[in-house]
Amino acid sequence: MSADNGIYILCTKDGYHVKEMAAVENYMWDEDRGKETKDPDVWIKNAREMWDGCTCHETIEEAYAEAIEILKKIKREGWFVEYGIVEINVSRNFYPVDMKASYFQKNGLRRCFSPEYNWLMNMSTGYFMRWGKNTDEDPQLSPFGPEILDIEISTRCSQGCPQCYKSNVAEGDNMSLDNYVAIMRKIPPNVSQIAFGIGDIDGNPDLQKIMEHTREIGLVPNITINGYRMTDEYFDMLARLCGAVAVSHYGDDACFNAIEQLTNRGMAQVNIHKVLAEETAQSCFDLIKKSKEDPRLAKLNAIVFLLLKPKGDRNTMTVLKDNTVYRDLLLLANELGVSIGMDSCSGPSMLKGCEGVASLDTRSLETCVEPCESSCFSFYINALGEGFPCSFCEGETGWEKGIDLYQVTDFIKEVWNSTRITAWRAKLLGSTSECSDCKFQTGCRACPQFDLTPCLGG
Ligand code: SF4
Ligand code: SF4
């Protein structure tokens, strides 16, 4: 941190942007004339680059709150801020109308506004709504980068679970705090959620700092844990920093004990992640029943079923192809009053399995079920900083190596709209083109990577 720095609040006609930087006077520099200018059009042009990626606050009070947090963090790290917090006024819109999205955060709500793509998220409950020009329109993709980032921060795991699609072992890779910060600086502000993936909870010594940094940049971290090697300190830390925690179900005790520890610390969004395969289908039904019976699950939020993918060196399980299992899981959950969810890979099977079942509201299901959104709304980054459409694509044909995010200077151009991603996206968006007889065809997407969708084409 050099001197000559300050925390600058850029005040524009459409909001307030906060950033710590040195040499702020560069915003007045007129490149063409080779000297400083008082022309606000030049100022705003420079300012858009200098404050790019910062959250846009609706009020100056919110901007000051962020500035004070930045100030405290710099001081905690033992540095100082020479000019303190300074307001810079430019009487122009930061976002040229019709060109970019605006982001606002207020009263626990984060919102994205643009002419054709909009969303709103409740940061405490995770409730998310997306719409297009108006609420009747459902955009097919985000033009401004991912809404959801799935970031693997460690591949170290000693459990050796047979269905592990990552084939993780005790020795593996970690993403350091510095690398995480470097990557997040490249990600556009459209992100609403970050889901961290880790094996052993103690596999990455930077876990807590990574989560704290996520909070500092205005995002709520979520994580999936395996429930093993937990201590009171880890439970406290997750309950303090995370919006949601999912515990993978590999055995009742490790999973249920972890759920109890987290919910007893006041967490409202604690879920179970359960792999759904031919071999585990019966235990998925059993788990729904247990969630009503086992006191450790009294405050569980939901069970989320994750469709097994044919992937992983140790994996000998079989992809579930029977759509009626989805229907029966939902019927049982409804009967017992248990909340369940599915991963987006299961979307088509869920819709098709429930089609025509009188006691299920398939109209609401169509609204709630979002089939595969990889590269349209979500993006995966592995522990080495490589980006892929989703975590399951990593290492598969065409994705033996991901896009090296450390080398990227313009995420939208070099990643989101790159040839590799746009080709993948076209495949995904066209994946149900043969399903003309299906009433779910509009908005349905089937996995372009694996054979997961038995109803495809019908
Ligand atoms: S590409 Fe396939 S495996 Fe990946 S998220 Fe989509 S449906 Fe799932
Ligand atoms: S559109 Fe195709 S993949 Fe989607 S539910 Fe219908 S048949 Fe299945």
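The following questions and answers concern a predicted model.

Guide: Local features in this predicted model need pLDDT of at least 70, and side-chain atom pairs count only at pLDDT 80 or more, while totals for chains, interfaces and linings use all residues. Residues are numbered from 1 along each chain as its sequence is written, and chains are lettered from A and ligands numbered from 1 in the order in which they are written.

Visitor: How do the residues of the shell around ligand 1 divide by class?

Guide: A residue is near a molecule if its C-beta atom, placed from the backbone, lies within 6 Å of it. The residues surrounding ligand 1 include Lys309, Cys345, Ser374 and Phe450. Ala, Val, Leu, Ile, Met, Phe, Trp, Tyr, Cys and Pro count as nonpolar, Asp, Glu, Lys and Arg as charged, and the others, Gly among them, as polar. The shell therefore divides into eight nonpolar, three polar and one charged.

Visitor: Is alanine 23 buried or exposed?

Guide: Alanine 23 is found in the loop between strand E2 (15-22) and strand E3 (29-30); strands (E, at least two residues) and helices (H or I, at least four) are DSSP runs, numbered from the N terminus. A residue is buried if 20 or more other C-beta atoms, placed from the backbone, lie within 10 Å of its own, exposed if 12 or fewer, and partly exposed in between. Because alanine 23 has 12 C-beta neighbours inside 10 Å, it counts as exposed.

Visitor: Which description fits helix H7 and helix H8, roughly parallel or roughly antiparallel?

Guide: The axes of H7 (residues 281-293) and H8 (residues 324-336) come within 10 Å and cross at roughly 10°. Axes are lines fitted to C-alpha atoms, for helices over the stretch in contact, and angles run from 0 to 180 degrees between N-to-C directions. Angles under 35 degrees count as roughly parallel, over 145 as roughly antiparallel, 65 to 115 as roughly perpendicular and the rest as oblique. H7 and H8 are therefore roughly parallel.

Visitor: Which helix gives the largest share of the largest nonpolar core?

Guide: A nonpolar core is a set of buried Ala, Val, Leu, Ile, Met, Phe, Trp, Tyr and Cys residues joined through C-beta atoms within 7 Å. Of the 87 residues in the largest core, Val245, Ile259 and Leu276 touch the most other members. The largest share, five residues, comes from helix H6 (residues 252-264).

Visitor: Is serine 167 exposed or partly exposed?

Guide: Serine 167 is found in the loop between strand E11 (148-152) and helix H3 (177-186). Its phi is near 55°, a positive value in a residue other than glycine. Because 15 other C-beta atoms lie within 10 Å, serine 167 is partly exposed.
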